[in-house]
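User: I have a model open on my screen and I'd like to learn how to read it. Can you take me through it one feature at a time?

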Amino acid sequence: MNVIVSYDISEDKRRTKIHKILKSYGQWVQYSVFECYLTDTQYAKLRSRLNKLIKPESDSILFYFLCACCVGKVERIGGEKIRDDTIFFAECADG
Amino acid sequence: MGTVYVTQDDAFVGKIDERLHVKFDKKTILDVPLIKIDGVVILGRATISPAAISELLERHIPLTFLTNNGCYLGTLQPEVTKNIFVRKAQWQAIGESAQAIHLVQGFVRGKLKNYRNFLIRRQRENSNLDLSVNVTRLEQAIAPIETTKNINSLRGLEGAGSAAYFACFNQLIRTTEFSFNNRVRRPPTDPVNSLLSFGYSLLRHDIQGAVNIAGFDPYLGYLHCERYGRPSLALDLMEEFRPLIVDAVVLSTLNKQLLTPIDFLTEPLSGAVSLTPEGRKRFLQQYAQKKQSEFKHPVLGRKCSYQEAFELQARLLAKYLMGETEKYPPLVLK
């Protein structure tokens with residue numbers, strides 16, 4: 001499933017932690033916005049990890065689900081390039 | 001899902017949260033979620049942290065080490081699956097059993113038919129080529145496969161077919177900058193051979209992973225005899241994929257001139273030829289693209305990518321050995 005995760009966290013330290021977790025599940029596209037392509041299990045795991053961390057009185061995390069036909073309709077102007085998940089190279093940019 | 005290629009020498013591979021994190025010279029050069037990874041290949045020299053190793057094993061992500069030139073060094077595999085029944089069936093078919101003979105027939109037939117179809121297609125695309133002699137020789141090697149009930153004779157047919165195929169490989173290269181005489185290995189001493197060897201190493205990493213997922217013992221094969229540390233079953237299953245993936249990628253990279261002679265380095269003493277880091281990256285990209293490309297599986301009748309086909313073929317092999325199906329169908333594409 002395709003999920004857009006958007007969060008509003010009042011405390012810097014907690015926000016950094018949440019940012020770090022989300023980086024393991026998807027791609028950071030804007031401040032406080034992640035795009036994640038996940039299986040059901042992966043989503044459940046992510047959700048429970050975040051759930052343990054936040055303070056519901058002051059923080060909020062929203063999950064927006066995109067259906068398969070809507071994914072193709074996303075329009076982007078500028079910003080982060082979408083990561084290609086088929087191959088990853090670890091090498092120095094100038095070498 | 002993708003494969004990570006660590007091509008930077010002296011890189012440090014670690015783990016942060018649930019991500020694979022590669023650093024070089026104190027700078028981050030790669031940071032990807034582990035859920036997006038289905039294989040890690042280290043080319044050359046790299047340090048890998050104990051935490052990263054155990055995380056990869058836990059997530060069943062195979063880790064392969066290749067030398068800078070793409071020579072196979074070894075693989076760190078997660079524990080073989082607990083499916084003892086597959087392995088039992090695999091061991092019971094050892095030697096000259098009827099099942100082993102059927103499988104070897106399948107592997108050889110798959111490989112040679114793919115060779116033949118490959119040549120016929122190239123000939124159709126390019127009317128200047130005349131490969132009919134080689135196609136006939138290949139067909140002569142294919143015809144007796146069904147009636148040959150002896151593994152050594154089948155190995156002979158495979159050799160004859162491969163010879164017929166490689167005899168015309170040079171004609172398939174449509175640039176004047178490269179040429180191919182015959183297959184040279186350990187080490188390859190010309191660019192085309194070095195690309196072929198490099199490609200086969202990459203393919204072996206992928207197939208060995210698939211064989212492992214299906215629950216096999218990769219070291220017991222039927223076409224390839226047992227040798228210490230040789231994953232014979234992976235090599236067996238690789239046969240039908242060689243022309244479909246590696247040979248096709250090698251030819252298309254050369255013919256599209258994505259690689260030129262300046263992308264190759266020659267070692268002075270041994271004459272071993274290898275790719276430069278930049279060339280290697282381009283070749284890896286081509287290989288990964290090919291692996292992700294889709295086709296219609298002739299037996300299952302649905303679309304799949306080559307990457308999925310590795311595992312599908314391994315599972316079909318398991319089904320045959322366990323007696324669930326009558327035949328093993330090698331992947332033959334028109």
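Analyst: Sure, let's begin with confidence. This is a predicted model, and in chain A the confidence is lowest in E5(A), with a mean of 79, and highest in strand E1 (residues 2–8) of chain A, at 93.

User: How should I use numbers like that?

Analyst: The general idea goes like this: where pLDDT is low, the predicted coordinates should not be read in detail. Here, chain A averages a pLDDT of 88, and 97% of its residues score at least 70. Chain B averages 82, with 96% of the residues at 70 or above. For the model, the scores are ipTM 0.84 and pTM 0.71.

User: Okay. Which elements make up chain A, and in what order do they run from the N terminus?

Analyst: Chain A has three helices and five strands. Starting at the N terminus, the order is β-α-β-β-α-β-α-β. If you want a feel for the dimensions, the C-alpha atoms of chain A fill a box of roughly 45 × 35 × 30 Å along the principal axes.

User: Now the contact between the chains. How do people put a size on an interface?

Analyst: It is often given as the accessible area lost when the parts come together. In this model, about 2300 Å² is buried between chain B and chain A, and carbon and sulfur atoms give 56% of that. On the chain B side, B:Glu18, B:Ile35 and B:Lys36 lose the most area to chain A, together 24% of what that side buries.

User: How many residues does each chain bring to the contact?

Analyst: Chain B puts in 29 residues and chain A puts in 21 residues.

User: And what about charges and polar groups across the interface?

Analyst: Look for salt bridges, then for polar contacts. Four salt bridges turn up across the interface of chain B and chain A. One to click on joins the side chains of B:Asp17 and A:Arg49, at 2.7 Å from N to O. There are also 11 residue pairs in polar contact across the interface, both residues of each pair at pLDDT 80 or more.

User: Which parts of chain B supply the side that touches chain A?

Analyst: Strand E1 (2–6), strand E3 (19–24), strand E4 (27–33) and helix H10 (277–292) of chain B each supply at least two residues of it. H10(B) gives the most, with six residues. Sorted by class, that side of chain B has 16 nonpolar, six polar and seven charged residues.

User: In which sense do E1(B) and strand E5 of chain A pair?

Analyst: Parallel: E1(B) and strand E5 (residues 87–90) of chain A pair over four bridges. To find the spot, go to A:Phe88, whose bridge partner in E1(B) is B:Val4. Remember that E5(A) is where chain A has its lowest confidence.

User: Can I practise on pairing inside one chain?

Analyst: Try strand E7 (residues 63–66) of chain B, which pairs in the parallel sense with strand E5 (residues 37–43) of chain B over four bridges. There, B:Val40 stands opposite B:Leu63 in E7(B). E7(B) also runs antiparallel to strand E8 (residues 72–76) of chain B, joined by four bridges. In that pairing, look for B:Phe65 opposite B:Gly74 in E8(B).

How values were computed: Residues numbered from 1 in each chain as written. Chains lettered and ligands numbered in written order. Heavy atoms only, no water. Contact = heavy atoms within 4.5 Å. Buried area = accessible area lost by both parts, 1.4 Å probe. Polar contact = N/O pair within 3.5 Å; in protein donor to acceptor, adjacent residues only side chain to side chain. Nonpolar A, V, L, I, M, F, W, Y, C, P; charged D, E, K, R; others polar. Pairing = 2+ DSSP bridges. pLDDT = per-residue confidence, 0-100.
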